[in-house]
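Please open the model in your viewer and keep a selection tool at hand. The stops below are given in the order in which they may be selected.

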Amino acid sequence: MYTAGTESFLRQAREIQDEELKKFISRITGFLQSRDLGNETIDCLQRLFLIVSATKYGRKLDDTFVTLLQTILRLPKCPEQVQLLCAAILREMSPCSDLALSWDKIQDPKLLSVAFSIKLAQGMKKSEVEALGQCVVKVLEGRIPEGHGARYLMPLLSNVISLFPASLNEDQINLLSKRMVDWLRYASVHQGVPQSSGGFFNPRARQPGPITEVDGTVATDFFTVLSVGQYYTEDQWLNMQAFSMLRKWLLCYGSDGAASPHSDDKSEVDGSIVSMVSVTSTSSRLLPPKERLREKAFEYCQRLIEQSNRRALKKADGELQKACLIEAITIMDIICKQDSSYVYRSLSCLKNLHGWISGDLSYARALLPIAQFFLNHSETAAVDAKAIYKHLFTKVPAQLFHSPMLAYEFTQFCRHNIRLFAEDLGIFRQSTPNLFKFLAWNSPALIAEFMDLLPALLGGDTALEIFHLLLDLPCLTAALEVQLRSVLTPMSTVDPAVKPATCLEAFRHPQYRGLFQYLLRVESAPGDPGRLTPLRQLLGSMTSSARVVQCAEGVPVLLQLFFGVVAKFADGALANTLVLAVLERSDQLCEIPAFKVEVYRVTSRHLPALCTRHPSLVVELSKELLEFSGTVTNIQSKEDIFTHVVWAIGEYVSVVHDKRCTVEQINKFFEVLEAMLFEITQLRPSASVPTSSPRVIAVLMTALTKLASRSQDLIPRVSLSLSKMRAFVQSPAISSVYDTEDAEAILTRATELLNLLKLPTVAQFALTPSADISSPRFHRDTNTSLPLAMRTTSQLLAGGPIPRRRSSVPG
C-alpha cells in the first residue's frame with residue numbers, strides 16, 4: 001500500500017492536463033538547452049518521469065523534446081543521475097518513432113548499457129541484437145582502460161545470449177571463454193582503493209587491505225563472489241558478473257558436440273578415471289578454451305562450496321552463501337553433463353555436503369540441486385543415492401510445507417523429473433501424502449504444477465488413496481494450521497477423559513492424536529478414511545479460514561483430472577472400489593457448502609464413464625446402490641450423484657451387460673426406485689409440497705420403464721405410476737413450484753414412456769438395445785436415437801404423422 005503522501009503525488013501526476021504538461025516540459029527544455037544540469041533540473045526530470053509513468057495511457061511528448069533528451073543522454077560529462085532519468089523517460093515513451101540510438105556512435109560502455117535498455121523497450125529486431133553483440137565483443141576484445149566501466153558490458157552480453165545465442169560466432173565464443181577464465185580465476189585478492197574525497201593525502205589510508213572470507217579470516221585462495229571487501233576492483237566486479245552468467249554461458253556454448261580428449265569413453269568407469277587423472281595432471285592452459293573454462297568453473301564452484309561451510313558474520317552474507325551454494329551445485333551438474341569425467345571429482349564433495357546440510361532446514365533449498373545431480377549421474381557413477389531421495393521427499397515437505405519458495409521449487413523439481421520418477425523411483429509415489437502438504441498450504445498457487453504431477457502419481461495401487469487425499473485436502477490444510485499453532489503455543493496439561501473443545505486441544509489429545517498423525521502422514525499407508533470422520537467434524541470449525549477455503553476451491557479441478565486419468569487404466573476391481581468410495585465419501589466431506597456441491601457435481605459426472613467401461617459393477621455393487629438410491633435425503637442433498645446412480649441402474653441392470661443379473665435383482669431395484677418416485681410425487685394433505693427437480697423425476701420414470709421392459713410383469717405397475725403424472729403436474733400445489741416448461745417436460749416424458757410400454761417388444765428394443773446395434777453411431781444418429789424412437793411410438797399410437805429428423809439430440 002502507498003503512503004498518503006505517495007498517493008497524493010500519483011494523483012497529481014495522473015490529473016495533470018496537457019496544457020500544463022506542455023508548460024512544464026518547456027521549462028525543462030530551457031534547463032537542458034542551457035546545459036543547466038543541477039539539482040533543479042534533476043527534480044523536474046523526476047517529476048516528469050512520475051507523470052509519464054503514472055498513467056495507463058501513453059503521454060505524448062514533443063518530438064523536439066525527445067530529441068533533446070537523446071542529446072543530453074550522449075553528453076560526455078552528463079551527470080549520472082540526469083543520464084538515468086533521461087533514459088527512464090525515454091523507456092516510458094517507447095515505442096516511439098523519434099528514437100534513433102545506434103550502437104556505432106556510442107563508445108562509453110556505461111552509456112551503451114543505458115541505451116540498450118531504451119532499445120529493448122522499443123522492441124529490438126534480431127539484426128539490432130546481433131549488432132549490439134558485435135559491439136560488446138569488439139569492446140571486450142581490446143584492452144579496456146581502467147575506470148571505463150567494462151563491468152557495464154556484462155549484463156548486455158547476458159541479454160544478447162538470452163535473446164539470440166547464435167549471434168556470436170565460434171571465434172568470439174572462444175575469445176570470451178578465455179576472458180571468463182581470467183575473470184573467474186585471476187581476480188585480485190586485495191581490496192580496491194576508495195575514490196579520493198579531497199583533503200590531505202594520507203598514504204596509509206589509501207593502501208588496499210586484503211580480501212577476507214565471510215567469517216572474517218583473511219582469504220588465502222583466489223577471489224570469488226563470496227569474498228568480502230569494503231571496496232572492489234574492476235576485475236573483482238567482472239569476477240562476480242562472470243559467475244552470475246556462467247550457467248547461461250555453459251548451457252549455450254559449453255558443449256561443442258565433439259568428443260573432448262579426456263572423455264572418449266563416458267560409460268566405462270576406468271576410462272573416466274583415466275580421463276580425470278589426465279585432466280588434473282595436464283596444464284589447463286593446454287586445453288581448448290571451452291574445456292579450460294569448464295575446468296576453472298569447476299574449481300570456482302568447489303571453492304564456493306568450501307566457503308559456504310564458513311560461519312558468516314552477517315545475516316546477508318549467510319543468505320548469499322545459500323544462494324551461491326545452489327548455483328555452484330547446478331553449474332557442477334551442467335559441467336558433468338558436458339564431460340562425465342567431472343562426475344567422479346564431484347561425488348565425494350557433494351556427498352559430504354549433503355551430510356553437512358541435511359540436518360539444517362535453512363539449507364533445504366540446496367538439497368534440490370544435490371538430488372538433481374544424483375538423479376542425472378548416479379547411474380554413470382554406479383552410486384546408490386536412494387537415501388538422498390528418501391530424505392528429500394520425507395523430511396523436507398513435512399517440515400517446510402509453509403515456505404512458498406521451497407514449495408514452488410520442490411514441485412518444479414518433481415515436474416522436471418517426472419519421467420525419471422515414473423521409471424525408477426517408487427519413493428516419489430510413496431511420498432504422495434507428503435507432497436500434498438505443499439498443495440494444501442499453497443493452493444491455488446500450485447494447482448498448475450499438480451495438474452502435471454497428478455497423472456504421474458496415479459496408478460492402480462495409489463488411485464484410491466489419492467482420491468481420499470483430494471477430498472480431504474481442505475481438512476489437511478486445517479490440520480497443518482493446527483500443527484503450526486501447536487509449535488507456537490506452550491504445552492498445557494491434557495485430560496484424556498475430557499473431550500477437547502478446540503482443534504489445538506484435540507491435536508494433543510490421546511483420542512485424536514492418532515487421527516492427526518494419519519492425516520499428516522509422510523508416506524502412503526493403508527487405512528480406513530472413514531475413521532477420520534470425528535476429525536473432519538472437529539476441523540469443521542476452521543472452514544472459515546481463508547487458506548482452507550482457497551484450498552477447497554482447487555479440489556474440483558484436480559478431481560476432474562483424477563477421474564479422466566483413472567478411467568484410462570482402471571480395471572473392474574478399481575472401478576468398483578472408486579464407485580463405492582464416491583458413495584461413502586458423499587457423507588464424509590469438509591463442511592464447506594460450495595465445496596460439497598462442486599465435489600458432487602464432478603464425481604457424479606464421472607460415474608457414467610466408469611459404469612460404461614465396467615457395466616457389471618452395477619450388479620456387483622447392488623447392495624450399496626440399493627441402499628444409496630433408497631434414501632430419500634440423498635435426493636435433496638446429493639441430487640447430482642443420486643441422478644447418475646439411478647441412470648446407471650436403469651442402464652446397466654440387465655442381463656445384456658451381466659449374465660449374473662437375475663429377475664429378482666431387477667425387481668429389487670424396481671421396488672426401491674418405485675418407492676422413491678412415489679415418495680417425491682405423492683401429494684398428501686399432511687405432507688409438504690415436493691420440491692424435487694424435474695430432472696430427478698424424469699430419470700426415475702425412465703429407469704423404471706427400462707427395468708419394466710426387462711421384466712414385463714412390472715409393466716402394469718410402471719404404467720400406473722406414469723398415468724398419475726398428469727394429475728401430479730396439474731395439481732395447484734405443484735403448479736406453484738414448477739413453471740409451465742418444467743411441468744410440460746415431465747408430462748411429455750411420462751406420456752412417451754407410457755406409449756412405449758404399450759408395445760413391449762418395441763420398448764425392449766428401444767430401451768435395452770442389443771450390443772450389435774448399440775454402437776457409438778447409434779447414439780449419435782438422430783434418426784435412430786432413443787428420443788426419436790419414443791416420439792415415433794407416441795405418434796403411431798396417437799395416429800399422428802411420424803416426426804421428422806431433428807438437427808440435434810434432445811436432452
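The tour goes through a single residue, one helix with its neighbours, and two helix pairs, all in a predicted model.

Begin by selecting Leu50, which is found in helix 3, the run of residues 39-54. Is this residue buried or exposed? Leu50 falls between the two, being partly exposed with a relative accessible area of 27%, because the buried class ends under 20% and the exposed class starts over 50%. If you then add Gln12 to the selection and draw a distance between the two C-alpha atoms, the separation from Leu50 is 9.7 Å, although the residues lie 38 apart along the chain.

Next, select helix 18, residues 386-400, and place a distance between its end C-alpha atoms, which are 21 Å apart; this agrees with the 21 Å that its 15 residues should span at 1.5 Å a residue. Colouring by accessibility brings out the buried residues of helix 18, among them Ile388, Tyr389, His391, Leu392, Phe393 and Thr394, while further along Val396, Pro397, Ala398 and Leu400 are buried as well. To see what surrounds them, show helix 16 (341-357) and helix 17 (364-381), and then helix 19 (404-416), helix 20 (418-424), helix 21 (426-430) and helix 22 (432-442), since the buried residues of helix 18 pack against these helices.

Now move to helix 7, residues 126-141, together with helix 9, residues 170-185, whose axes come within 11 Å and cross at roughly 50°. That angle makes helix 7 oblique to helix 9, and the crossing is left-handed. Which residues make the contact? From helix 7 they are Gln134, Val137, Leu140 and Glu141, and from helix 9 they are Gln172, Leu175, Leu176, Arg179 and Trp183. Sorted by class, this contact has five nonpolar, two polar and two charged residues.

Finally, select helix 37, residues 694-710, and helix 38, residues 715-723, which pack at an angle of about 160° with their axes 9 Å apart. Helix 37 and helix 38 are therefore roughly antiparallel to each other, given that angles over 145 degrees are counted in that way. Their crossing, like the previous stop, is best viewed with both helices shown, and for helix 37 and helix 38 it is left-handed. With side chains displayed, Met701, Leu704, Thr705 and Ala708 in helix 37 can be seen to meet Ile715, Val718 and Leu722 in helix 38. By class, the contact of helix 37 with helix 38 has six nonpolar residues, one polar residue and no charged residues.

Technical notes:
Residues numbered from 1 in each chain as written. Predicted model: local features only at pLDDT ≥ 70, side-chain atom pairs only at ≥ 80, totals over all residues. Heavy atoms only, no water. Axes fitted to C-alpha atoms, helices over the stretch in contact; angles between N-to-C directions. Helix = DSSP H or I, 4+ residues; strand = E, 2+ residues; numbered from the N terminus. Parallel < 35°, antiparallel > 145°, perpendicular 65-115°, else oblique. Left-handed = near helix turned anticlockwise from the far one by under 90°. Contact = heavy atoms within 4.5 Å. Nonpolar A, V, L, I, M, F, W, Y, C, P; charged D, E, K, R; others polar. Buried < 20%, exposed > 50% of the residue type's maximum accessible area, 1.4 Å probe, protein only. Expected span 1.5 Å × (residues − 1).
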